[in-house]
Amino acid sequence: MLPSELVKYKNSSQKIIALTAWDSISGSLAEASEADIVLVGDSLAMVCLGYKSTLPITLDNMIYHANSVSRGFSKKIEDQPLIVCDMPFLTYQCGENKAVQYAGKIIQNTFAKAVKIEGAEPEIQNVISRLIRMGIPVMGHLGLTPQNYLNLGFKKQGENLESQERIKREASILEKLGCFSIVLEHIPESLAKEIQNELKIPTIGIGAGDFCDGQVRVTADLLGLNDEQPPFCKPIIEGKKLLREKLKEWVTSQKLS
Ligand code: KIV
């Protein structure tokens with residue numbers, strides 16, 4: 001699937017489902033689940049590499065992990081999920097030329113067909129517009145933008161009128177710039193619903209209620225693999241507890257055998 005084809009899901013009865021992946025095992029699980037999009041999100045810095053934020057991850061790390069993810073796929077290329085790769089911190093904040101070079105490196109060296117960029121400040125708008133004109137599809141990301149956590153924390157956004165108006169304005173700007181979809185993270189459901197109604201491109205929510213055209217989840221959160229869980233993701237299994245208990249059982253049984 002090409003990024004531009006996602007628009008067919010706008011207002012359709014079928015939601016777009018995106019799962020994150022960071023290695024060949026999570027990539028293989030995401031593909032087998034029939035997720036439409038596999039996001040190689042920079043959250044892998046936290047859920048896979050043990051960092052406290054997404055800021056330390058580098059471009060080379062992202063390329064390395066994006067390639068591990070696609071090595072986990074086993075379907076024919078045309079049946080594989082669309083891979084979107086996050087542009088990590090400092091790859092698009094330092095101007096348009098660097099951003100084209102770095103996003104191009106992702107596209108050239110992985111099977112990703114699009115990049116995701118957080119925010120919509122004027123400098124970021126220029127970058128997004130340039131990338132799209134240069135042939136690199138961009139997924140936007142508004143609301144809680146973890147690369148800006150030193151300013152905003154990991155807090156819910158859009159809690160007051162000013163912030164709501166800004167997020168709405170930014171969503172419409174990202175659409176005009178040519179983003180093929182926008183992730184809305186940790187904002188009130190009513191705000192996400194308004195944006196979903198106003199835009200022609202699909203919105204993909206995480207902690208943004210049920211009205212977006214799609215949902216994205218960090219797979220490690222969904223599987224309960226982390227010690228700390230974001231407030232907006234209820235795990236479907238307590239993966240870490242289960243695996244820890246089973247491994248301990250096995251180790252104990254082997255010691256006594
Ligand atoms: O990095 C990531 O996993 C993300 C999702 C939270 C959307 O950006």
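**Pockets and a bound ligand**

The largest pocket in this predicted model encloses about 880 Å³ of space. Its lining is made up of 36 residues, and those closest to the centre are Met46, Val47, Asp221, Glu228 and Pro230. Several elements of the fold contribute to this lining: helix H2 (44–47) and the strands S4 (114–118), S6 (181–185) and S8 (214–217) each provide at least two residues. Sorted by class, the lining of the largest pocket holds 16 nonpolar, eleven charged and nine polar residues.

What occupies this space? The ligand takes up the largest pocket. Around the ligand stand Thr20, Leu39, Gly41, Asp42, Ser43, Asp86, Lys116, His141, Val183, Glu185, Ile206 and Val218. This shell is evenly split, with four nonpolar, four polar and four charged residues. Some of the names can be placed on the fold with a glance at the numbering: Lys116 falls within the range of strand S4 (114–118), while Val183 and Glu185 fall within that of strand S6 (181–185).

Three side chains of the shell deserve a look in the structure above, each with a polar atom facing an oxygen atom of the ligand. For Ser43, the distance from a polar side-chain atom to a ligand oxygen is 2.6 Å. A polar side-chain atom of Lys116 lies 2.7 Å from an oxygen of the ligand, and for Asp42 the corresponding distance is 3.1 Å. How much of the ligand's surface does the protein bury? Taken alone, the ligand exposes 260 Å², and the protein buries 96% of that area.

A further opening is worth finding in the model. The second largest pocket has a volume of about 380 Å³. Its lining counts 22 residues, and nearest the centre are Glu118, Gly119, Glu121, Ile124 and Asn148. Helix H5 (122–133), strand S5 (138–143) and helix H7 (161–177) each give at least two residues to the lining of this second pocket. By class, nine of the residues that line the second largest pocket are nonpolar, eight are polar and five are charged.

Conventions. Residues numbered from 1 in each chain as written. Predicted model: local features only at pLDDT ≥ 70, side-chain atom pairs only at ≥ 80, totals over all residues. Heavy atoms only, no water. 1 Å grid on protein atoms, 1.4 Å probe; cavity = no way out; pocket = protein on both sides within 12 Å on 5 of 7 lines; lining within 4 Å. Points joined across faces, edges and corners; volume = space filled by probe spheres on them. Helix = DSSP H or I, 4+ residues; strand = E, 2+ residues; numbered from the N terminus. Nonpolar A, V, L, I, M, F, W, Y, C, P; charged D, E, K, R; others polar. Near = heavy atom within 4 Å. Polar contact = N/O pair within 3.5 Å; in protein donor to acceptor, adjacent residues only side chain to side chain. Areas by Shrake-Rupley, 256 points an atom, 1.4 Å probe, with all protein chains shown as cover. Sits in = over half its atoms within 2 Å of the grid points.
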